[in-house]
Amino acid sequence: VQLQASGGGLVRAGGSLRLSCAASGLTFSTYAMGWFRQAPGKEREFVATINWSGSFRSYADSMKGRFTIPRDNAKNTVDLQMNSLKAEDTAVYYCAARKSWANNPRDFDSWGQGTLVTVSS
C-alpha cells in the first residue's frame, strides 16, 4: 500500500487549503480512509475519516463545519478540504488507510508520508 499526500503549504488564518492523497497498491474502493495530523510536541490526532463508499464521514469536533473529506473511488484519491483555517491547525497532515472504518490513528496500519500545513496568524 502506498499513500502519497500533497497540497500542504503556507496559508493565512481564515484561508483555505485542499490536501489530496493518492492511493495505490490496494483495492481503494474497499478501504476506509482517514486524515490525521500531528503538531510539534503533540500526539497524532484524528481529523476526519470516511468509509469505503463515502456514505459515512466523521470529523473531530474542532473541524466540524470547516473541513470536509471527499473521496473519489474512480481516481483512488481522498482529499481534505480545509476552510476557515486557524493558527492551531498548523501541523503535518497524514492520510491513512484501513480495511474497516475507525477513528483512532492507532487502528490504521497504512500511512502516507505527511504534508505540512502552516497557518499564519
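**Disulfide, salt bridges and strand β9 in the predicted model**

The torsion about the S-S bond of Cys21 and Cys95 is about 60°, and the disulfide is therefore right-handed. This value, like those that follow, was computed from a predicted model. A search of the whole structure returns one disulfide, and in the bond between Cys21 and Cys95 the sulfur atoms stand 2.1 Å apart. Because Cys21 belongs to strand β3 and Cys95 to strand β10, the pair ties together parts of the chain that are 74 residues apart in sequence. Cys21 is buried, with a relative accessibility of 0%, and Cys95 is likewise counted as buried, its relative accessible area being 0%.

Charged side chains provide further links. Side chains of opposite charge can pair when their charged atoms come close. Across the whole structure, five salt bridges are found. In one of them, the side chains of Arg18 and Asp79 meet with an N to O distance of 3.0 Å. This pair connects distant parts of the chain, since Arg18 lies in strand β3, which spans residues 17-24, and Asp79 lies in strand β9, which spans residues 77-82, with 61 residues separating the two in sequence. The partners are classed by their accessibility as follows: Arg18 is partly exposed, with a relative accessible area of 43%, whereas Asp79, at 13%, is buried because its value falls under the 20% limit.

Arg37 takes part in two of the salt bridges described here. With Glu45, the closest N and O atoms are 2.6 Å apart, and with Asp89 the N to O distance is 2.9 Å. Arg37 lies in strand β4 (residues 32-38) and Asp89 in the loop between β9 and β10 (91-98), so this second pair ties together parts that are 52 residues apart in sequence. Both Arg37 and Asp89 are buried, the relative accessibility of Arg37 being 7%, while Glu45 is partly exposed, with a relative accessible area of 35%. Through salt bridges that share partners, Arg37, Glu45, Arg66 and Asp89 are joined into one network.

Strand β9, which holds Asp79, also contains Leu80 and Gln81. Leu80 is buried, with a relative accessibility of 0%. Its C-alpha atom lies 4.8 Å from that of Ile69, although Leu80 and Ile69 are eleven residues apart in sequence. When residues up to four places away in sequence are set aside, Leu80 touches Leu17, Arg18, Leu19, Trp35, Val47, Ala48, Phe67, Thr68, Ile69 and Tyr93.

Gln81 is also buried, with a relative accessible area of 16%, a value that falls in this class because the limit is set at under 20%. The side chain of Gln81 is joined to that of Arg18 by a polar contact of 3.0 Å, and Arg18 is the residue whose side chain forms the salt bridge with Asp79. Apart from residues up to four places away in sequence, Gln81 touches Ser16, Leu17, Arg18, Arg66, Phe67 and Thr68. Arg18 thus appears among the contacts of Leu80 and among those of Gln81, and Arg66, a contact of Gln81, is one of the members of the salt-bridge network.

How values were computed
Residues numbered from 1 in each chain as written. Predicted model: local features only at pLDDT ≥ 70, side-chain atom pairs only at ≥ 80, totals over all residues. Heavy atoms only, no water. Salt bridge = Lys/Arg side-chain N within 4 Å of Asp/Glu carboxyl O. Helix = DSSP H or I, 4+ residues; strand = E, 2+ residues; numbered from the N terminus. Buried < 20%, exposed > 50% of the residue type's maximum accessible area, 1.4 Å probe, protein only. Contact = heavy atoms within 4.5 Å. Polar contact = N/O pair within 3.5 Å; in protein donor to acceptor, adjacent residues only side chain to side chain. Disulfide = S-S within 2.5 Å.
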